[in-house]
Amino acid sequence: MPNSYHEATKHTYLSVRSGARQLEWSKMPKTFKIYPNSFPLKRLDLDKKIDRFIYLIGGITAKKVYPGVEYYLRTVPSAGALYPVEIYFQARDVKGFKNGIYHLSPAENGVRLLYEIKDEEGVEFHLKDKRMIKGFLFLFSSIYFRSSWKYSSRAFRYTLLDTGHALGALEASCHLYEHAFFILYDFDKKVLNEKFGFKDIEFFLSGAKVGIPQKKETNFFDLNLPFVDPTETFETNEVIQKSYLESLMLTGCKKEYRFPKFNFHKERFYETILNRRSIRKFSKLPIKSEEFEYIYQTITEPIPSDCDEKVEIYYIVNKVLGMKQGLYKNKELLKEGDFSQIARYLCLEQALGGDSAVTFFLTSNGNNYQSLYQKAGIIGQRCYLSSEYLQIGCSGIGAYYDDDVKNFLHSEDMVLYALAIGK
């Protein structure tokens, strides 16, 4: 399946020039899903560590106002600032939270209690491992129309990357507050979509355990949450719906139990998460080789999950002191030369691709589309944060000439993501 959807949503020189369309601003979807007041709201108190832990996964960090439009920036980047990802979690035996299922509501700087679980109830029932989790169990969903309104069928790629960004934000918050985590892709998403009342408008893509497994298993419970309209202007995209369903079945999954080892000073890293932004223009100044090494080491640390896919990292070095210009993979120089103009062209002729110090291309030939694409998003979030930590700019680039990138890399892999870093 992955190749059929991926092939159908490629960008080419001709498709970009012939496929332009006018945005219907009257149909622009809502940015926030807000449950009614019948569900109790708990405000997040950022003076409390546990509340900060939740906030850093998807909270609002800034607001930008343009004529007729307001944009809210969050702790995660999102293609077009459209934020298709919703975050739910179950809390069990967590101080300050009733045992229950919650929705993170960034617009209200709080969480809504959707269902108060009894002693042996829990979402764990729908996981492969049904043992109770003492702590948090997160679920990440996508409201794809927030992206497809602008990006049409290619939006499924962006919602997967954005969900990976959210998983990366969870990873960062876990590192900051010293919580172990394990990412989940292999669970009964279709049943949970139904129980959460999504009505084919929203669907789960991944989850994460942040807690300690108990000996006791959870029992079935009748969770039937009401439908809450998350967009008010939803339009079905059959290509995305079909691709989601076809990519649900996972095959040949390999578990990764190793944890990443990061080298961040905690207070500085907290400020980094809050201050992270996508750079819009580079000054074309070089970065140091040790700065590149720090970023590269961070993005290549293992990612614990129940379905780890191999993601290859190619990169074009344009301006790194002490490094030859050229195309690299895994620290090996594949071909030497000044490829800045080629990098610019490959990234849909965006200046960021060529003016950067380094432009990364993430690829994979894996079978499990949802997990491999979200892994690329996690790597992207690491790239954003480690660059910002060093006061280096970063911009994720989800649009590129797919086949031209493959030809330049001499790779048959699917191209998942491009990232440009520099000053």
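Is F292 buried or exposed? At 0% relative accessibility, F292 counts as buried, because the cut-off for buried is under 20%. Keep in mind that this is a predicted model. I'll start from that ring, then move to the pockets, then finish on a helix.

So, aromatics. Searching the whole structure turns up 47 aromatic pairs. Take F292 with Y315. Their ring centres are 5.0 Å apart and the planes meet at 45°, so this pair is tilted. F292 sits in helix α9, residues 289–299. Y315 sits in strand β13, residues 312–317. The pair therefore ties together parts that are 23 residues apart in sequence. Y315 is buried as well, with a relative accessible area of 1%.

Y315 has another partner. It forms an aromatic pair with Y328, and that one is stacked. Centre to centre we have 5.3 Å, with 5° between the planes. This pair links distant parts of the chain, from Y315 in β13 to Y328 in strand β15, residues 326–329. The two residues are 13 apart. Y328 is buried too, at 7% relative accessible area.

Elsewhere there is a ring cluster. Ring pairs link Y5, Y144, F145, F156, F203, F234, Y244, Y369 and Y373 into it.

Two arginines lie over tyrosine faces. R17 lies over the face of Y13, 3.6 Å from the ring centre. R268 does so over Y389, at 3.9 Å from the ring centre.

Now the pockets. How much space lies in the largest pocket? About 1,400 Å³. It is lined by 47 residues, and the closest to its centre are A79, G80, K150, Y151 and Y158. Which elements each supply at least two residues of that lining? They are α2 (13–18), β2 (60–66), β3 (69–74), α4 (145–151), α5 (155–177) and β18 (393–397). The largest share comes from α5, with 4 residues. By class, the lining divides into 24 nonpolar, 13 polar and 10 charged residues.

On to the second largest pocket. About 390 Å³ of space lies there. Its lining has 20 residues, and D129, F182, L184, K209 and Y257 are the closest to the centre. Here the elements supplying at least two residues each are strands: β7 (131–142), β8 (182–184) and β9 (203–217). β9 gives the most, with 4 residues. The class split is 12 nonpolar, 1 polar and 7 charged.

Last topic, helix α12. It covers residues 369–389, 21 residues in total. Does the geometry hold up? What span should we expect, at 1.5 Å a residue? The expected span is 30 Å, because the rise is multiplied by one less than the number of residues. The end C-alpha atoms are 30 Å apart, which agrees.

The helix is mostly covered, with 20 of its 21 residues buried. After α12 comes Q391, whose phi is positive, near 60°.

To recap. F292 is buried at 0%, and its tilted pair with Y315 joins α9 to β13. The largest pocket holds about 1,400 Å³, and α5 gives the largest share of its lining. The second largest holds about 390 Å³, with β9 giving the most to that lining. And α12 has the span it should, 30 Å.

Conventions
Residues numbered from 1 in each chain as written. Predicted model: local features only at pLDDT ≥ 70, side-chain atom pairs only at ≥ 80, totals over all residues. Heavy atoms only, no water. Buried < 20%, exposed > 50% of the residue type's maximum accessible area, 1.4 Å probe, protein only. 1 Å grid on protein atoms, 1.4 Å probe; cavity = no way out; pocket = protein on both sides within 12 Å on 5 of 7 lines; lining within 4 Å. Points joined across faces, edges and corners; volume = space filled by probe spheres on them. Nonpolar A, V, L, I, M, F, W, Y, C, P; charged D, E, K, R; others polar. Phe/Tyr/Trp six-rings, centres within 6.5 Å; stacked < 30°, edge-to-face > 60°. Lys NZ or Arg CZ within 6 Å of the ring centre and 35° of its normal.
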